[in-house]
Amino acid sequence: MSTAETDQQTQEGLLALGLRQPPANIEAEQALLGALLTNNRAYDRVSDFLAGEHFANKVNGQIFDALARRIEAGQLADPVTMRAEFEHSGILQSVGGLAYLAKLLTSMVGIINAGDYGRAIHDAWIRRQLIDIGETVVNNAFGVEGGLSGQNQIEAGEEALFRLATEKGKEGDFVPFHRALAGAIDVAALAFKSEGHVTGLTSGLRDLDKKTGGLHPSDLLILAGRPAMGKTALATKIAFSAARALLDEAETEGGNPRGSVAIFSLEMSAEQLATRILSEQAEVSGERIRRGDIGQKEFDRFVRVSHELSRLPLVIDDTPAISLSAMRTRCRRLKRTQGLNLVVVDYLQLMRPSVGTRPESRVLEISMITQGLKAIAKELEVPVMALSQLSRQVESREDKRPMLSDLRESGSIEQDADAVMFVFRDEYYLQQRMPKETAFDSTDKYSAAMDDWQRKMSLVHNKAELILEKQRHGPTGTINLFFEGEYTRFADLDTMHEP
C-alpha cells in the first residue's frame with residue numbers, strides 16, 4: 001500500500017473517531033501530477049501560484065518540483081524522461097517506486113481542470129498555515145513563550161497573517177540571479193516607455209522627479225530641515241501629489257484607486273493637516289481660515305475644493321508618539337485592505353521604538369527607528385518618507401545650508417536612508433537680518449544698508465532650495481523650488497518663460 005493511500009486511510013480513521021486532521025486533498029494532488037505527466041501544458045495553469053511546498057504529501061511536492069524544473073527548462077517531462085531522475089534521487093522509494101507513476105497516470109484529469117485542482121491544493125495549504133498560526137497564537141496567549149505581552153502577540157499574529165496573505169507565507173530566501181535580472185529589465189523597460197522617465201510614484205515636483213525618477217518602492221527617504229523651513233508643507237505636497245496621481249490613474253481606467261498614501265502626523269492633528277492642504281489647493285490663507293476672516297466667495301471655493309479632495313486615497317494617522325511596531329501593524333493592515341503606495345512620517349524624532357525595547361541612549365533609539373522604517377519600506381515594497389529635525393549647529397554658521405552632519409543623531413539616519421534631502425529657504429534667515437535704523441549713526445548709511453538688504457531679498461523672495469545631499473541610486477544636487485508663504489505651498493520654479 002502506498003504512502004498516499006495510507007495517509008488517506010489514516011485521515012478517514014481519525015475522522016471516524018471524531019479527531020480532526022489538517023486539511024489536505026491527496027486525490028487532487030495525484031490528479032494534477034497525472035495531468036502534468038501526460039500534458040506539460042497543464043503546468044501553465046498552476047505555475048503562477050503553486051509550488052511543491054504547498055502539497056500535503058511530501059513526495060507529491062517533490063515530484064511537482066522535479067517536473068517544474070524540467071518544464072521551465074523547456075524540456076519534456078513525462079514518465080520516460082523523468083524515470084532516470086526519480087531512480088537516482090530515490091524520491092519514489094517510500095511510495096512504491098516507479099509503480100507510483102502508473103497510479104498517477106490513472107488519476108489524471110484533463111488539462112482544463114488542472115487549474116481547479118491546483119487551487120484546491122493551494123487552498124488546503126492556506127488552511128493548514130492558518131491552523132499553525134492559530135495554534136501559535138493560542139500557545140503564546142497561554143504563556144508558553146514567556147516575555148511576550150498581549151500587544152506583542154497581536155502584532156506577531158498580524159505579521160504572520162499579513163505574510164500569508166501577501167507573500168504566500170514564504171520566508172526570506174536566496175533569489176536566483178536570473179530572476180533578479182528579469183526584475184531589473186522590467187524596471188528599465190518601464191523607464192524607457194515612460195515619457196517623463198518617472199518609474200516610481202510622482203512627487204509632484206518636476207525637477208525632483210527628473211533627478212530621482214520618482215519615489216521608488218523599498219526606499220527610505222529622509223527630508224530634513226530646521227524649524228520654519230517648510231518640511232511639513234513640502235512632505236504634504238508630495239503626499240498630495242502622489243494621492244492625486246493614484247486618483248487620476250483610477251479615473252482614466254474607470255475604477256477605484258489601486259492603493260493609498262498614508263501620513264503619520266505626530267506633530268499636527270489630522271484637522272490641521274487637512275486645513276493646510278485645503279489652504280494650498282483653494283488658495284485661501286490658512287491663517288485667515290482659522291480666524292474666520294474670509295468672504296463668501298472664498299468660503300464657497302473652500303467648500304468646493306474640499307468636496308473634490310474628499311475622493312483622494314489619502315489617510316492620516318495623528319497618534320502622538322506612535323511606536324514603530326504600531327505603525328508597522330497599521331501599514332500592514334492598510335496594505336492588505338486598501339493597498340499602500342507611500343508612507344510619510346512627520347517626524348521621526350517624535351516616534352518611539354517598538355514596544356518592549358529599551359534603548360540605552362537616544363542615538364540607539366533613533367537607530368532602531370530608522371532601521372525599522374527601512375524594514376517597513378522593504379517588507380511592504382513602498383517608499384517611506386520620514387521627516388527629520390536638524391541640530392542647532394546650523395544656526396552658528398555663516399552659511400546656513402544644511403549638511404549631512406547636521407542631522408540630529410545623524411549616524412544611523414544617514415546610513416539607513418536611500419536618499420537624504422534638505423529643505424532650505426535663505427529668505428527666512430535674511431528677513432531676520434533686516435537693518436534697524438538705530439544701529440546706524442547716519443541716515444545715509446541706514447539707507448544704503450536697507451537698499452542692499454532689499455536687493456538681496458528680491459533675489460531670494462519666494463524661493464527655496466531642496467538639497468539632494470545623498471541618493472543611493474542616482475545623482476545629487478540642488479533643486480530650486482517656488483515657495484508661497486501665504487499658502488505654505490511649494491511648486492516648481494520656472495526661471496525662464498517662453499514669449
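**Notebook: salt bridges, helices and unusual backbone angles**

I began with arginine 472, which forms a salt bridge with aspartate 418, the closest N and O atoms being 3.0 Å apart. This pair links distant parts of the chain, since arginine 472 sits in the loop between strand 7 and strand 8 (477-484) while aspartate 418 sits in the loop between helix 16 and strand 6, 54 residues apart. I noted before going further that this is a predicted model.

I then looked up how accessible the two partners are. Arginine 472 counts as partly exposed, because its relative accessibility is 41%. Aspartate 418, with a relative accessible area of 4%, is buried, because the cut-off for that word is under 20%.

**Entry on the rest of the salt bridges**

How many salt bridges does the structure hold? I found 9 salt bridges in the structure. Another of them joins the side chains of lysine 374 and aspartate 418, at 2.5 Å from N to O. Lysine 374 belongs to helix 15 (residues 362-380) and aspartate 418 to the loop between helix 16 (410-416) and strand 6 (419-424), so this contact ties together parts that are 44 residues apart in sequence. Are lysine 374 and aspartate 418 buried or exposed? Both lysine 374 and aspartate 418 turn out to be buried. Putting the two pairs side by side, I recorded that Lys374, Asp418 and Arg472 are linked in a network of salt bridges.

I also followed arginine 401, which forms a salt bridge with glutamate 465, and here the closest N and O atoms are 2.8 Å apart. Arginine 401 lies in the loop between strand 5 (384-389) and helix 16, and glutamate 465 lies in strand 7 (residues 463-471), so the pair ties together parts that are 64 residues apart in sequence. For arginine 401 the relative accessibility is 32%, and so I entered arginine 401 as partly exposed. For glutamate 465 the value is 16%, and so I entered glutamate 465 as buried.

**Entry on confidence**

I checked how far the predictor trusts its own model, and noted that the protein averages a pLDDT of 78, with 82% of the residues scoring at least 70. Where is confidence lowest in the protein, and where is it highest? Confidence is lowest in helix 1 (residues 3-16), at a mean of 52, and highest in strand 4 (residues 342-346), at 91.

**Entry on helix 6 and helix 2**

I took the length of helix 6 next: its 28 residues should span 40 Å at 1.5 Å a residue, and the end C-alpha atoms are 41 Å apart, which agrees. The buried residues of helix 6 include Trp125, Arg128 and His122, and I also wrote down Gly115 and Gly118 from the same list. After helix 6 comes glycine 143, whose phi is positive, near 90 degrees.

Helix 6 (residues 114-141) packs with helix 2 (residues 26-38) at an angle of about 140 degrees, and I noted that their axes are 9 Å apart. Why did I not enter helix 2 and helix 6 as roughly antiparallel? That term is kept for angles over 145 degrees, so at about 140 degrees helix 2 and helix 6 are oblique to each other. The crossing in which helix 2 passes helix 6 is left-handed.

**Entry on helix 10**

I repeated the length check on helix 10 (residues 231-253), whose 23 residues should span 33 Å at 1.5 Å a residue; its end C-alpha atoms are 33 Å apart, which agrees. Just after helix 10, glycine 254 takes a positive phi of about 75 degrees. Within helix 10 I picked out alanine 239, and alanine 239 is buried, with a relative accessible area of 0%. From alanine 239 to leucine 201 the C-alpha to C-alpha distance is 10.0 Å, with their positions 38 residues apart in sequence.

**Entry on positive phi outside glycine**

Finally I looked up residues with a positive phi that are not glycine, and serine 218 is one of them, at about 75 degrees. Serine 218 lies in the loop between helix 9 (206-212) and strand 1 (220-225), and its relative accessible area of 22% makes serine 218 partly exposed. Alanine 321 also has a positive phi, of about 50 degrees, although it is not a glycine. I placed alanine 321 in the loop between strand 3 (314-317) and helix 14 (324-337), and with a relative accessible area of 31% alanine 321 is partly exposed.

Notes:
Residues are numbered from 1 along each chain as its sequence is written. This is a predicted model: local features need pLDDT of at least 70, side-chain atom pairs count only at pLDDT 80 or more; totals for chains, interfaces and linings use all residues. Side-chain values use heavy atoms; hydrogens and water are left out. A salt bridge is a side-chain nitrogen of Lys or Arg within 4 Å of a carboxyl oxygen of Asp or Glu. Helices (H or I, at least four residues) and strands (E, at least two) are DSSP runs, numbered from the N terminus. Buried means under 20% relative accessible area, exposed over 50%, partly exposed in between (1.4 Å probe, protein chains only). pLDDT is the predictor's confidence in each residue, from 0 to 100. The expected span of a helix is 1.5 Å times one less than its number of residues. Axes are lines fitted to C-alpha atoms, for helices over the stretch in contact, and angles run from 0 to 180 degrees between N-to-C directions. Angles under 35 degrees count as roughly parallel, over 145 as roughly antiparallel, 65 to 115 as roughly perpendicular and the rest as oblique. A crossing is left-handed if the near helix is turned anticlockwise from the far one by less than a right angle, and right-handed if clockwise.
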